[in-house]
Amino acid sequence: YGFLDDPVTNLIACCKMIQITVQHGECESTGMAFVAYGHVLGAMGHEEEAFRFAHLAVTTTPAGEELHPSEVSFLHAMCLHIKTPLASSLDPALHGYRLSLEIGDIFYGALCLSTYLHLYIICGLPLGPLVSDATNFAWQLKLLGHQQALGFMLPLLVTILNMTGKSENPLDVSAEAIVALGFLDEDVVAGSPRFDRVIAGPGRITMKYDEVFLAYILQNMEVAGASITKIQRLHKNCRRFPGTHFANYMLELIDGLVGFELFALNKKRHYRLIGENALKWFAKSRSINSVALHQLVHAKKMSVMNSSKKELVKSFYDKAIASFARAGYSNFGAIASEEAGRFMLFHQDKFWAKEYLFRSLRLYEEWGVTVKVQHMVDTYDILDLPATELLSPHSTAIRGRKRFESMVASMNNNKKSDLVDLAVSERNEL
């Protein structure tokens, strides 16, 4: 994180660590040297080289020894996700947090915990188990007296509670909502400067973008527009996580979808520019985890800029939906399916609209976003589902689930290329 404040000195220090390793051989800090240099390379745009040095940090660790939480946090947050699936970092991040409690290095443990919680949400795993897990983590940190570590995770806990319908206002990701959880000490809450230090940096970025995301999925574009305008007024270094941090996938996705949606509503050029910049970011990214997200943002752009080309736009959405299904991301699949359904409603194609929206509803249900499930039932009369069909359990996984849903597995067995055609056949069988 020092790269943001003093990139020149930070770069020189990292290069010196690598030089000492080459001249004198490995030591216990060699892994951190490779990780730090990889982070700097990634921040400068050399993503493949960043991954190479991060992989060196793993391979040079002696057998039987564990990576320090500082190395774990930087490896999995900054570098390894460039060439490996995001879900593969879940267990190491959680282990890094537990190891930090044992050795007393809570700062980097908090970064590992924040990485784990972010990854859990981005990977689309069921949110139900995460509510109890995140609450238990918060109580652990409160009992240990680590207020700064709480500051890293409480904004995420508020968002999780909002998404799962366990809060009165699902759009409230404010400081007041964090205080209302009751985990912060009274002296922290009473002293505004100290509270600002506790909920600092990444926590504040999370709060701002979570508000935009929640407003977007609940289709409250007035709140989303006001929030994203405030974000754009910040310094560019305050609008993103450092370097190649994996959380930037989510932030760029939000910028792309919300930017093009707001442009479609009011035709203001600066909203379109927000969406175009997100597309450029995805196009420049060499990460394997950005491909499907790029497809979704591109499909959104096509639905706004070429709304008359129904079949062309539909093919772009189908491509994104298929990519998310192969990767096992029910969350992004739900968003893509709803976007496709709304586009079909615009063209008054009720058949395809119902199929897309029904699939989106089930994927949101699998993800555990109960506020969105109810919102879809209230918004789309075309679904006309009885109450007994809502919120039925689809997954009992805790930190993982099957790579392919039954729908996608059936598709592969039958060599079908269109997910939505398969959804239609399954609906007819039922």
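How many cavities of 30 Å³ or more does the structure hold? Three. Keep in mind on this tour that you're looking at a predicted model.

**Stop one: the largest cavity**

Let's start inside. The largest cavity holds about 160 Å³ of space. Select H118, I121, L156, D210 and M250: of the 16 residues lining this cavity, those are the closest to its centre. How do you find an empty space in a crowd of atoms? Rolling a probe the size of a water molecule over the atoms shows where empty space is left.

Now colour the helices around it. α7 (106-122), α9 (147-163), α13 (202-217) and α15 (248-266) each give at least two residues to the lining of the largest cavity. Which helix gives the most? That's α13, with five residues. If you colour the lining of the largest cavity by class, you'll get 12 nonpolar residues, three polar ones and one charged one.

**Stop two: the largest pocket**

Next, go to the largest pocket, with a volume of about 1,000 Å³. It has 34 lining residues, and you can head for the centre by selecting R240, G243, E252, W281 and K284, which lie nearest to it. Helices that each supply at least two residues of this pocket's lining are α1 (2-5), α3 (30-43), α4 (47-59), α15 and α16 (269-284). Make α16 stand out, as the largest share of the pocket lining, six residues, comes from that helix. Try the class colours again: the lining of the largest pocket has 11 nonpolar, 13 polar and 10 charged residues.

**Stop three: E252**

Stay with one of those central pocket residues and zoom in on E252, which sits in helix α15. Is E252 buried or exposed? Its relative accessibility is 7%, and because that is under the 20% cut-off, E252 counts as buried. To see what it touches, show R240, N277, A278, W281 and F282: E252 is in contact with these, leaving aside its neighbours within four places in sequence. Of these contacts, R240 and W281 should look familiar, since both are among the residues nearest the centre of the largest pocket.

**Stop four: helix α6**

Select residues 90-103 and you have helix α6, 14 residues in all. Put a distance line from its first C-alpha to its last and it'll reach 20 Å, close to the 20 Å expected at 1.5 Å a residue. Then highlight L90, A93, L94, G96, Y97, L99 and S100, which are buried. Here's a handy thing to know while you look at their spacing. An α-helix has 3.6 residues a turn, so residues three or four places apart point the same way. What covers the buried residues of α6? The cover includes α5 (69-79), α7 and α8 (127-144). Right after α6 comes G104, with a positive phi near 85 degrees.

**Stop five: two backbone oddities**

Most residues other than glycine have a negative phi. Let's visit two that don't follow this. Pick Q219 in the loop between α13 and α14 (221-232); its phi is positive, near 60 degrees. Q219 is partly exposed, with a relative accessible area of 28%.

Last, jump to K267, in the loop between α15 and α16. K267 has a positive phi too, near 60 degrees. Is K267 buried or exposed? It counts as exposed, at 54% relative accessibility.

Conventions. Residues are numbered from 1 along each chain as its sequence is written. This is a predicted model: local features need pLDDT of at least 70, side-chain atom pairs count only at pLDDT 80 or more; totals for chains, interfaces and linings use all residues. Side-chain values use heavy atoms; hydrogens and water are left out. On a 1 Å grid over the protein atoms alone, a cavity is a set of points where a 1.4 Å probe fits but cannot get out, and a pocket is an open set with protein on both sides within 12 Å along at least five of seven lines; lining residues have an atom within 4 Å of a point. Grid points are joined across faces, edges and corners, and a volume is the space filled by probe spheres set on the points. Helices (H or I, at least four residues) and strands (E, at least two) are DSSP runs, numbered from the N terminus. Ala, Val, Leu, Ile, Met, Phe, Trp, Tyr, Cys and Pro count as nonpolar, Asp, Glu, Lys and Arg as charged, and the others, Gly among them, as polar. The expected span of a helix is 1.5 Å times one less than its number of residues. Buried means under 20% relative accessible area, exposed over 50%, partly exposed in between (1.4 Å probe, protein chains only). Contact means heavy atoms within 4.5 Å.
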